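Please open the structure in your viewer and keep the sequence panel beside it. The stops below say what to select at each point and what can be found there.

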Amino acid sequence: MTTQQKATLSFEDGTPSVDFPVYKGTVGPDVVDIRKMYGATGKFTFDPGFLSTASCESKITYIDGDKGELLYRGYPIEQLAVNCDYLETCYLLLNGDLPNPAQKKDFEGRVLKHTMIHEQMTRFFQGFRRDAHPMAVLVGCVGALSAFYHDSLDIQNPEHRFVSAIRLIAKMPTLVAMAYKYSQGQPFMYPQNNLSYAANFMRMMFGTPCEEYVPNDVLVRALDRILILHADHEQNASTSTVRLAGSSGANPFACIAAGIATLWGPAHGGANEACLLMLNEIQERGGVEKIGEFVKEVKDKNSHTRLMGFGHRVYKNYDPRAKLMRETCHEVLNELGLHNDPLFALAMKLEQIALEDDYFVQRKLYPNVDFYSGIVQRAMGMPTEMFTCIFALARTVGWIAQWGEMISEPDQKIGRPRQLFTGATRRDVKPIGNR
Ligand code: ACO
């Protein structure tokens with residue numbers, strides 16, 4: 001962070017003008033450091049939704065929304081998706097650089113050592129209804145990990161932070177698969193550590209103790225790619241939540257549970273599930289024939305209907321992850337011979353119509369990664385309600401890397417936003433009989 005310029009803020013109400021330092025990052029817009037503003041002027045800034053506010057300094061992930069660029073530690077997502085697997089990507093996000101072969105082997109070994117969860121945790125699941133949303137189960141179970149792994153909760157100890165990071169990355173697939181198996185009334189599958197991270201997860205999801213599970217390479221590669229593409233995305237809502245929760249000194253399992261809760265919403269990680277539900281709805285209304293009617297409804301401001309899987313707060317030209325996921329989507333549909341499945345045909349038609357429609361073109365609303373990842377996951381046989389859990393599984397490494405970065409800052413402070421108060425001013429409470 002270097003300072004070369006200053007910005008001057010002047011006021012019309014007689015408050016003396018103030019100078020603020022302007023910092024340059026390695027890339028991206030300059031930032032005006034307004035931390036001393038309240039002290040100097042008695043005024044706050046107002047930026048709900050953080051449209052113009054950098055909430056932290058970070059070295060992990062960079063997005064250029066106009067260029068459609070996503071870099072993890074400087075490496076373009078297009079190169080990582082083709083040349084690396086998910087665990088290499090995890091190593092990169094946590095450590096700052098890609099592993100060499102020995103480092104990769106060591107990291108994989110550490111993750112594999114932690115894939116099982118405490119046997120007592122299996123009883124936790126019995127407390128949930130079988131028809132609970134798996135994200136509800138996941139929020140609870142990940143938070144509960146802090147009740148089982150006390151030996152790595154000293155957040156000031158880098159070794160503890162590392163062990164917690166490894167535990168979270170290793171145990172998430174096991175927990176997500178358990179949430180699914182519980183909903184199906186099937187036995188939990190223990191992890192099998194001779195499989196890759198993605199293949200192991202697929203076996204825990206779809207295997208049963210009755211027969212051998214043989215992973216399909218194309219599907220395993222597709223899942224691994226979903227994990228890479230969702231591994232981090234700088235200061236989005238869930239990551240900011242993890243940082244905010246962590247800023248109070250909360251333990252990493254509790255912070256990640258908070259991130260999972262935030263991810264659940266349909267404007268964030270719930271979008272791929274919402275997208276599939278939308279496709280089903282169009283299908284029920286009559287399929288491809290009814291797309292025009294649905295798009296008309298989306299464009300009507302009074303309908304509050306959105307085209308799920310389209311648009312992004314940051315990517316205003318295209319989502320680079322969507323391009324990669326689109327490729328994977330076609331690979332998977334080909335592998336499974338599903339190109340003519342009515343729902344997939346509907347999705348492809350919707351994509352084409354929306355890409356040509358003025359409403360979407362003018363607002364720069366392109367399919368985002370979730371549009372395609374929902375389709376890929378459905379083709380793999382993932383139930384719709386598991387989509388967001390898989391996103392949470394992938395994003396855990398990003399959350400924990402960002403959390404670790406924050407905790408290691410020497411002048412880290414608790415996050416405490418201010419407000420513009422527009423409610424009632426001070427007034428007296430009347431006795432109940434006089435109200
Ligand atoms: N369908 C229809 N219209 C849309 C959509 C959409 N999906 N997204 C935005 N618009 C319209 C808005 O109505 C608005 O129109 P107006 O200018 O006429 O009022 C304009 O486009 C700008 O929309 P904003 O809401 O200001 O855009 P913002 O950047 O705040 O929202 C968001 C981004 C939340 C992702 C939005 O596009 C959306 O709701 N998309 C659908 C949900 C989705 O797919 N989310 C996944 C995000 S990716 C991820 O989390 C991995």
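Is Glu335 buried, partly exposed or exposed? Select this residue to begin, bearing in mind that the model is predicted. Glu335 has a relative accessible area of 41%, and it counts as partly exposed because buried means under 20% and exposed means over 50%.

**Stop one: around Glu335**

The element to colour here is helix H14, residues 320-336, in which Glu335 has its place. If residues up to four places away in sequence are not counted, Glu335 touches Asn216 and Val218. Draw a distance between the side chains of Glu335 and Asn216, and you will find a polar contact of 3.0 Å joining them. For a view across the model, select Pro431 as well: the C-alpha atoms of Glu335 and Pro431 are separated by 73 Å, with the two residues 96 residues apart along the chain.

**Stop two: Asp370**

Now select Asp370, which belongs to helix H17, residues 369-380. Its relative accessibility is 6%, so Asp370 counts as buried. Here the residue to pair with it is Ala274, which lies 96 residues away along the chain, while the C-alpha atoms of Asp370 and Ala274 are separated by 9.4 Å. Show the side chains around Asp370 too: with neighbours within four places in sequence left aside, Asp370 is in contact with His230, His268, Ala271, Asn272 and Phe391.

**Stop three: Gln402**

Move on to helix H18, residues 387-407, and pick out Gln402 within this helix. Gln402 counts as buried, since its relative accessibility is 0%. Which residues does Gln402 touch, not counting residues up to four places away in sequence? They are Ser58, Ile60, Asp232, Glu234, Gln235, Thr239 and Arg243.

**Stop four: the ligand**

Select the ligand next and display its surroundings, which consist of 22 residues, the closest being Arg306, Leu307, Gly309, Phe310 and Asn368. Three distances can then be drawn one after another. A polar backbone atom of Phe310 is 2.9 Å from a nitrogen atom of the ligand. An N or O atom in the side chain of Tyr359 is 3.0 Å from a nitrogen atom of the ligand. An oxygen atom of the ligand, in turn, lies 3.1 Å from a polar side-chain atom of Arg313.

**Stop five: the cavities**

Rolling a probe the size of a water molecule over the atoms shows where empty space is left. In this structure there are two cavities of 30 Å³ or more.

The largest cavity has a volume of about 50 Å³, and to find it you can select Val111, Leu112, Thr115, Ala170, Pro173, Tyr197, Asn200 and Met204, which line it. Helix H4, helix H7 (158-184) and helix H8 each give two or more residues to this lining, and H8 provides the largest share, with three residues. By class, the lining of the largest cavity has six nonpolar residues, two polar residues and no charged ones.

Stay with Asn200 for a moment, a lining residue of the largest cavity that is found in helix H8. Asn200 has a relative accessible area of 4% and is therefore buried. Apart from its neighbours within four places in sequence, Asn200 is in contact with Thr115, Pro191, Gln192, Asn193 and Leu195.

The second largest cavity has a volume of about 40 Å³, and its lining can be shown by selecting Gly311, His312, Tyr315, Tyr318, Asp319, Lys364, Tyr366 and Pro367. This lining divides into four nonpolar, two polar and two charged residues.

**Stop six: the second largest pocket**

Finish at the second largest pocket, whose volume is about 200 Å³. Of the 13 residues that line this pocket, Asp85, Glu108, Ser196, Tyr197 and Ala198 are the closest to its centre. Which helices should be coloured to follow the lining, each of them supplying at least two residues? They are helix H3 (86-95), helix H4 (101-112), helix H8 (197-206) and helix H9 (217-229). H9 gives the most to this lining, with three residues. Colouring the lining of the second largest pocket by class brings out seven nonpolar, two polar and four charged residues.

Methods
Residues numbered from 1 in each chain as written. Predicted model: local features only at pLDDT ≥ 70, side-chain atom pairs only at ≥ 80, totals over all residues. Heavy atoms only, no water. 1 Å grid on protein atoms, 1.4 Å probe; cavity = no way out; pocket = protein on both sides within 12 Å on 5 of 7 lines; lining within 4 Å. Points joined across faces, edges and corners; volume = space filled by probe spheres on them. Helix = DSSP H or I, 4+ residues; strand = E, 2+ residues; numbered from the N terminus. Nonpolar A, V, L, I, M, F, W, Y, C, P; charged D, E, K, R; others polar. Buried < 20%, exposed > 50% of the residue type's maximum accessible area, 1.4 Å probe, protein only. Contact = heavy atoms within 4.5 Å. Near = heavy atom within 4 Å. Polar contact = N/O pair within 3.5 Å; in protein donor to acceptor, adjacent residues only side chain to side chain.
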